[in-house]
Amino acid sequence: MSVPPSALRLRPPAVDDEHEVLAAQRELGEEGFDFMLADDDQSWTDYLTALVRTRCGIGIAPGQVPATMLLAEVDGRIVGRVHVRHELNAPLRAIGGHVGYAVLPAYRRRGYATEMLRQAIDELNELGVTSVLVTCDDDNAASIRVIERQGGVLEGSLALTEDKRKLRYWIHT
């Protein structure tokens, strides 16, 4: 039975999430995606502390911006995550955008990514961001649909390689 996207909630990672988040990291790592955005040698406690510091903009490394990591949860299960960047620097303005998201393979094609992006846009709106940049690879049809469902307007694309382009969408809140 599929759970409706409206049952999804975004929340910060907690102490009890370690096992499930590490499993998601391994699973999506096989697809070449970094679920956690963590240092390899970081303990779970240090990771959670780093997330709070990054959210508050405390001690962030040069080239980083304040950002919030949120897990997407449905019925007590982690189905994905969103990374909400509070502002854009030059690399994020070019390629990364305000929001990065991922849905675990077992939970795809259920509308969760669309709901995750909608809630991430709400988070940014609360931070005062009224124009949200969301990017995706030009061959990622699922992500293109998700972004366009949230009102994304294609600004253009940026060549990454000879064969690969990054699409750039703006969503006005």
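This report walks through two sheets, the helices packed on them, and a few residues of note.

The model is a predicted one, in which local features need pLDDT of at least 70 and side-chain atom pairs count only at pLDDT 80 or more, while totals for chains, interfaces and linings use all residues. Residues are numbered from 1 along each chain as its sequence is written, and side-chain values use heavy atoms, leaving out hydrogens and water.

**The four-stranded sheet**

Let's start with the open sheet of 4 strands, ordered 1-2-3-4 with antiparallel pairing. Strand 1 (9–11) and strand 4 (99–103) are at its edges; each has a single partner strand, so one side of each lacks a neighbour in the sheet. From one strand to the next, the twist averages 25°. Angles run from 0 to 180 degrees between N-to-C directions, with axes fitted to C-alpha atoms, for helices over the stretch in contact. Strands here are DSSP runs of E with at least two residues, and helices are runs of H or I with at least four, numbered from the N terminus. Two strands count as paired if DSSP finds at least two bridges between them.

Strand 1 pairs with strand 2 (residues 67–74) in the antiparallel sense over 3 bridges, and L10 stands opposite A72 in strand 2. Two helices pack on this sheet, where contact means heavy atoms within 4.5 Å. Helix 1 (residues 18–29) touches strand 2, strand 3 (77–85) and strand 4, and its direction makes about 80° with that of strand 3. Helix 4 (residues 112–126) touches strand 1, strand 2, strand 3 and strand 4, at about 155° to the direction of strand 4.

**The three-stranded sheet**

An open sheet of 3 strands follows the order 5-7-6, again with antiparallel pairing. Strand 5 and strand 6 stand at its edges with a single partner strand each, so one side of each has no neighbour in the sheet. Direction ignored, neighbouring strands of this sheet are turned by 25° against each other on average. Helix 5 (residues 141–149) packs on the sheet, touching strand 5 and strand 7, and its direction makes about 165° with that of strand 5.

Strand 7 (residues 165–172) has 6 of its 8 residues buried (under 20% relative accessible area, 1.4 Å probe, protein chains only), so this strand is largely enclosed by the rest of the structure. Strand 6 and strand 7 form a hairpin with 5 residues between them. The pairings of strand 7 are set out here.

| Partner of strand 7 | Bridges, sense | A residue pair |
|---|---|---|
| Strand 5 (residues 131–137) | 7 bridges, antiparallel | S131 opposite H172 |
| Strand 6 (residues 153–159) | 6 bridges, antiparallel | S157 with L167 |

Another bridge pair of strand 7 is W170 with L133.

**Residues with positive phi**

Most residues other than glycine have a negative phi. L37, in the loop between helix 1 and helix 2 (44–56), has a positive phi near 55°. L37 is partly exposed, from 20% to 50% by the cut-offs used, at 38% relative accessibility. R109, in the loop between strand 4 and helix 4, also is not a glycine and has a positive phi of about 65°. R109 counts as exposed (over 50%) at 80% relative accessibility.

**A nonpolar patch**

Finally, I95, L158 and L160 make a nonpolar surface patch of about 200 Å². I95 belongs to helix 3 (residues 90–96) and is partly exposed, with a relative accessible area of 35%. Patch residues have over 30% relative accessible area and no salt bridge; like charges are joined within 9 Å, and nonpolar side chains (Val, Leu, Ile, Met, Phe, Trp, Tyr) within 5 Å. A salt bridge is a Lys or Arg side-chain nitrogen within 4 Å of a carboxyl oxygen of Asp or Glu. Accessible areas come from the Shrake-Rupley method with a 1.4 Å probe, and for residues only the protein chains shown count as cover.
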